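Let's walk through this one together, starting from a single residue and working outwards. Have the model open as you read.

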Amino acid sequence: MADDLLAVERLLVRYGPIVAVREVSLRVEQGEIVALLGANGAGKSSFLNAVAGLVPVASGRVRFRGEEIQQLAPERIVKRGLSLTPEGRRVFPRLSVADNLRLGAVPQADRAAAKAAHERVLELFPILRERSDQVAGTLSGGQQQMLAIGRSLMANPRLLLLDEPSLGLAPILVDQIFELLARLREQGTTILLVEQNVHRALELADRAYVLAGGAIEREGPAAEIRASAEIEGAYLGIGIS
Amino acid sequence: MIPLADLAQEAIQQAINALALGSTYALLALGLAMVFSILGLVNFAHGELVTVAAYTMYLLNLEDVPFAAQVPAAIAAAAVAAVLMERIAFRPLRGASFLTLLFASFALAVIIQNIFLAAISPRQKGVRLPDLFNEAITVGGYTIGWLQIITTATCAVALLVLTTFLRRSTQGLGMLAAAQDFQVTRLMGIPANRVIATAFAISGVLAGIAAIFVLARRGTVEPTMGFNPVLKAFIASVIGGLGSLTGAVVGGFVLAAIEVGLDASLPDDVLGFRDAFALAVVIAILYFRPEGLLGRPSEAR
């Protein structure tokens, strides 16, 4: 489709003889939140990592803003406006919060835009302003997750890929993360979200894809996926409990 | 019975000696640690960067190029050699195992040694250095060689410049970040190749600076002259904690203090085994601190 921000066609990812993602096609339109769901080992992270350029694409096409990016290095892809917040936060533990954010702004060539992004991140996460000089490794898990997302937002991405942002967080922090994602949508950020918290993800998302064994098992509007999951109970290990 | 005041004076004199020796070790160890922290590669061809810089000075000496011009040329030669090493030898092996990289660096060291052996001479060649390097001044009863003063001061400036670069510039922060999480550094839009090339260039500059002092101490060049420096650098960075930049500097000074201390205290008839005693002390340190003095047990995510 012409107005797709991201259009992935028959993406194949393999690690040696093991196929992690089997010819998955997926699209994300401008302004949408799309959820990518599935059990552990379904290939969700491999899919995101391949789109962001961290793992090689064996075959298939990834078009972002109309251009093919499946051959590009991750450092080139992020400069085109696609940011990945990887699973497990992965802040730079021995750098300060301020320095983590500063590195997040590297893809942003325009200084004024970088400054505006910085203001926006500090407004979204006031705690990061307070902890500016603190070494990132000493932040709590929730604060590290906010820093990781904030660091991605420093690049002013057109598309944000989020890998398990609520993983391992206390329920109150999970609420905060999902409130944040809703705010980001209001501000016009398009999001492709991988989540194990299926219920919350489907509440928030416009559309969803369900991966199983590396292939798309089901796709559709989030409400439909939710209804079918409720009917079928523990659906593909992503049942709503 | 030696008076206490004399003992104190002796200790201070030895500390001055250790400071200068430690400065050279620190520069060498820091270059090794810089590359290791980012690539996980112990570059045993690091010593050959010292050789390249020293032979550059030797060749320029033959042409009567003034010393002030030899120094920047030698440092530049080591930096270029380091970048070429990465480009030619290590880049094709990107992602290979630790052992593959280790053997590759050994092979590279031997190849470079043989190039010097074939192209110049297997024998030692004298290099004329400024007379100042052999002179000393006496301050309050302490004899301090100009070479010691210059070595220590140069090391201090080099560490200050490098620290400022790493802590203040975005490029430098990218280097520190790459040592902590290389993949995520790429997600920040920082090119992998540039980070790695910069790490090698820095290691080359540091080895080039150290080479001047290594050369000044020994007065000659020979194809295998890089072995001792890389060995000391490796031991120093292991003492400090392999991969820790601060640790490499600390390890350099600790190793120098051990060596100078043993030089001063061992009886003459066992002085020939000084390195064996020094390594025994290193083993003792590692027994109590297996990760090195400033090493981190394992990276917490």
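Start with A148(A), which is buried because 24 other C-beta atoms lie within 10 Å, and the cut-off for calling a residue buried is 20 or more. Keep in mind as you look around that this is a predicted model.

Where does A148(A) sit? You'll find A148(A) in helix 6 of chain A, the run covering residues 141-153. Leaving aside residues up to four places away in sequence, A148(A) touches T85(A), R89(A), R90(A) and V91(A). Now look along the chain to A170(A): 22 residues separate A148(A) and A170(A) in sequence, and their C-alpha atoms are 17 Å apart in space.

Time to zoom out to the domains. Chain A splits into domain 1, made of 1-81 + 158-241, and domain 2, which covers 90-155. Measure from C-alpha centre to C-alpha centre and the two domains of chain A are 23 Å apart.

So what does the meeting place look like? On one side, 10 residues of domain 1 of chain A make contact, and on the other, 8 residues of domain 2 of chain A do. Looking at the domain 1 side in chain A, helix 2 (74-79) and helix 7 (171-186) each supply at least two of the residues that touch domain 2. Helix 7 of chain A gives the largest share of that side, with 4 residues. Sorted by class, the domain 1 side of chain A that touches domain 2 has 7 nonpolar residues, 1 polar and 2 charged.

Technical notes: Residues numbered from 1 in each chain as written. Chains lettered and ligands numbered in written order. Predicted model: local features only at pLDDT ≥ 70, side-chain atom pairs only at ≥ 80, totals over all residues. Domains from an automatic or database assignment. Contact = placed C-beta atoms within 7 Å. Nonpolar A, V, L, I, M, F, W, Y, C, P; charged D, E, K, R; others polar. Buried ≥ 20, exposed ≤ 12 C-beta atoms within 10 Å, placed from the backbone.
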